[in-house]
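User: I'd like to practise reading a structure with you. Can we go through a few features one by one?

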Amino acid sequence: MSTFDDWVPAPTVDTVDGMDDKMLGETPPAVLWFSRGDRILLIVGAMLVGGLLGFAVPYVAEWGASLTWIPFQGPLELIASWSQWWVRYVCIAVGVLLGLALVAAAFYDTARVAVSEAHVRITEKGETATVSRSQVGTVFVDGKELVLLDAASRQLVRVPSEERRDAIEAAFEQRGYSIAPGDPYDDLYHLWVPETPGLAPEVNAVLKARDMALKKKAGSDARELRSELDRLGVVVRDKKTSQYWRPLVRS
């Protein structure tokens, strides 16, 4: 899951990624997202699977309606009663559309990261944000997440990525970013439990509120509370619904 809290909003009007870089002789931006081949495969696969499922719906409904112990007999009998020639084609079309909708949702939810020598631009769930190269201190991959830290070890970016680790590291390294093989502050993290000794009362209060937000899957609330923890000098990362914290390490 991710945060945009510390990112600088992208300008409304922008040039095509890579145009200015090419004019300056810099390395063109790398885009960490689904490749063209992956996109085509997902779209075609979704259409085929959806169409096949739609084709099978009338047969499955007729079979299910013949077994009285199967629930939802009403809907099954209704579908089985449709004998018009066009019903099967409608079911196929609906299946294809549902498959395409699922793929579109996957594209929308998956972070698209464009890396240039000047900035990192992230688009996720309809939101686009930009982090200037000068803000980024360290880049590393934590499991399936891309993480960017500033010089004070604050998390500028933490987003899920479907790219391979070596592809992510190569994209940043070739454009002059500092790459770490893992979280350089991994040893400083501690599992948070309510009223953790040594933490300020206000930090424990924010972590408690954030724990409730994570359990409710309230992502926007959790992101806002992460920003509040940054202000209080604490970095937090999540493993499922558990929170691990560490202090900021000033440069």
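User: Is aspartate 230 buried or exposed?

Analyst: Keep in mind that this is a predicted model. The general idea is to look at relative accessible area, where under 20% means buried. Aspartate 230 comes out at 6%, so it counts as buried. It belongs to helix α7, which covers residues 219–231.

User: How far apart are aspartate 230 and proline 247 in space?

Analyst: Their C-alpha atoms are 9.1 Å apart, with the two positions 17 residues apart in sequence numbering.

User: Now the helices. At what angle do the axes of α2 and α4 cross?

Analyst: For a helix pair, check distance, angle and handedness. Here α2 (residues 36–65) and α4 (residues 87–109) have axes that come within 7 Å and cross at roughly 145°. The crossing is right-handed. On the α2 side the contact includes Gly50, Gly51 and Gly54, and among the α4 residues they meet as a group are Gly95 and Gly99. By type, the contact residues split into 14 nonpolar, 5 polar and 2 charged.

User: And the sheet: in what order do the strands run?

Analyst: With a sheet, work out the order first, then the edges. This open sheet has 3 strands, ordered β6-β7-β8, with antiparallel pairing. β6 (138–142) and β8 (155–160) each have a single partner strand, so each is left with one side lacking a neighbour in the sheet. Neighbouring strands are turned by 15° against each other on average, ignoring direction.

User: How many bridges join β6 to β7?

Analyst: There are 5, linking β6 to β7 (residues 145–149). Look at valine 139, too: leucine 148 in β7 stands opposite.

Note on methods
Residues are numbered from 1 along each chain as its sequence is written. This is a predicted model: local features need pLDDT of at least 70, side-chain atom pairs count only at pLDDT 80 or more; totals for chains, interfaces and linings use all residues. Side-chain values use heavy atoms; hydrogens and water are left out. Axes are lines fitted to C-alpha atoms, for helices over the stretch in contact, and angles run from 0 to 180 degrees between N-to-C directions. Helices (H or I, at least four residues) and strands (E, at least two) are DSSP runs, numbered from the N terminus. A crossing is left-handed if the near helix is turned anticlockwise from the far one by less than a right angle, and right-handed if clockwise. Contact means heavy atoms within 4.5 Å. Ala, Val, Leu, Ile, Met, Phe, Trp, Tyr, Cys and Pro count as nonpolar, Asp, Glu, Lys and Arg as charged, and the others, Gly among them, as polar. Two strands pair if DSSP finds at least two bridges between them. Buried means under 20% relative accessible area, exposed over 50%, partly exposed in between (1.4 Å probe, protein chains only).
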